[in-house]
Amino acid sequence: MLNTFFRKKSIAFSGEKHGTVEGSEAADLAAELLIAPTALMQLTMLDARLVVRYMQPQILAKGTVFIREGDASDTGFMLLVLDGEVTVETKVASRLEPIIITLLGRGSFIGELELIDGQARYASCVAATQLRCAILTREALNKMMQEAPLLAAKLMLAVSLRIGVRLREVTDKLKMYVQLAQAMEQEIGARTDAWDGLQAASA
């Protein structure tokens, strides 16, 4: 899947291999989004511009499934959304169609967990609109570690902190769902007891 993306024509980031990126709207936007509050705000603008040099710009057509749930063979990249929207979907045993977990837009990172741990994708991601994005591959990350180890360490720390925030958000939602389930169970139990009482009184 990723190789198919890279064969498509895309707008390349401008600038030399090392140093600041100049004259590229896509690169400037990627750098700004990297340090936005919703992304990796632990990075400085200089850090972000250097990271962008290791990223591959890409345009994906609407409807493209670029991450598939359960795929363990194509986990070597993460994606930063520059423009467009992505639906995150998962399969449920009782439904024929997948359910939408969330909708992600500009500034969102996708696939960073699997880039780090190499495990199977936990959900599918579909381009809900035409998608302009920047992709960081595991190969590019390894190259960054060799060429700029301090930058790579800062990037990985920022990504890890972001994953931690998302984990806490999921945990909070899970707690809320458990509380709702318990409240519903108690309500159903109370109504069942009341019904049984009415049945016994009328017998």
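## Helix 3 and its buried side

A residue counts as buried when its relative accessible area is under 20%. Keep that cut-off in mind for helix 3, which spans residues 45-52 of this predicted model. Its buried residues are Asp47, Ala48, Val51 and Val52. They sit on the same side of helix 3, because they cover an arc of only 135° around the axis.

What do these buried residues pack against? Their partners are helix 2 (25-34), helix 5 (138-147) and helix 6 (149-202).

## Where helix 3 meets helix 6

To describe two packed helices, you give the angle between their axes and the distance between the axes. For helix 3 and helix 6, the axes come within 11 Å and cross at roughly 100°. That crossing makes helix 3 roughly perpendicular to helix 6.

Helix 3 brings Asp47, Leu50 and Val51 to the contact, while helix 6 brings Leu151, Lys154 and Leu155. Sorted by type, the residues of this contact come out as 4 nonpolar, 2 charged and no polar. Asp47 and Val51 turn up here and also among the buried residues of helix 3.

## The sheet built around strand 8

Next up is an open sheet of 4 strands in the order 1-8-3-6, with antiparallel pairing. Strand 1 and strand 6 (109-110) are at the edges with a single partner strand each, so one side of each has no neighbour in the sheet.

Strand 8 covers residues 131-137, and 6 of its 7 residues are buried, so the rest of the structure largely encloses it. With strand 1 (residues 56-60), strand 8 shares 5 bridges and runs antiparallel; here Ile59 stands opposite Arg132. With strand 3 (residues 77-83), strand 8 shares 6 bridges, again running antiparallel. On that side, Phe77 stands opposite Thr137 of strand 8, and Leu79 stands opposite Ile135.

There's a helix to add to this picture. Helix 2 lies across strand 3, strand 6 and strand 8, and it runs at about 105° to strand 3. Helix 2 is also one of the helices that the buried residues of helix 3 pack against.

## The other sheet

Another open sheet has 4 strands in the order 2-7-4-5, and its pairing is antiparallel. Which strands stand at its edges? They are strand 2 (65-67) and strand 5 (99-104), each with a single partner strand, so one side of each is left without a neighbour in the sheet. If you ignore direction, neighbouring strands in this sheet are turned by 30° against each other on average.

Looking closer at one pair, strand 4 and strand 5 are joined by 5 bridges in the antiparallel sense. Val88 has Thr102 of strand 5 as its bridge partner.

## Glu85, in the loop before strand 4

Glu85 is found in the loop between strand 3 and strand 4 (86-90). Is Glu85 buried, exposed or partly exposed? With a relative accessible area of 35%, Glu85 is partly exposed, because that value falls between the 20% limit for buried and the 50% limit for exposed.

Leaving out neighbours within four places in sequence, Glu85 is in contact with Leu103, Leu104, Gly105, Val126, Ala127, Ala128, Thr129 and Leu131. Val126 from that list is 41 residues away from Glu85 along the chain, yet their C-alpha atoms are separated by 8.7 Å.

Methods
Residues are numbered from 1 along each chain as its sequence is written. This is a predicted model: local features need pLDDT of at least 70, side-chain atom pairs count only at pLDDT 80 or more; totals for chains, interfaces and linings use all residues. Side-chain values use heavy atoms; hydrogens and water are left out. Buried means under 20% relative accessible area, exposed over 50%, partly exposed in between (1.4 Å probe, protein chains only). Helices (H or I, at least four residues) and strands (E, at least two) are DSSP runs, numbered from the N terminus. The arc is that of the directions from the helix axis to the C-beta atoms. Contact means heavy atoms within 4.5 Å. Two strands pair if DSSP finds at least two bridges between them. Axes are lines fitted to C-alpha atoms, for helices over the stretch in contact, and angles run from 0 to 180 degrees between N-to-C directions. Angles under 35 degrees count as roughly parallel, over 145 as roughly antiparallel, 65 to 115 as roughly perpendicular and the rest as oblique. Ala, Val, Leu, Ile, Met, Phe, Trp, Tyr, Cys and Pro count as nonpolar, Asp, Glu, Lys and Arg as charged, and the others, Gly among them, as polar.
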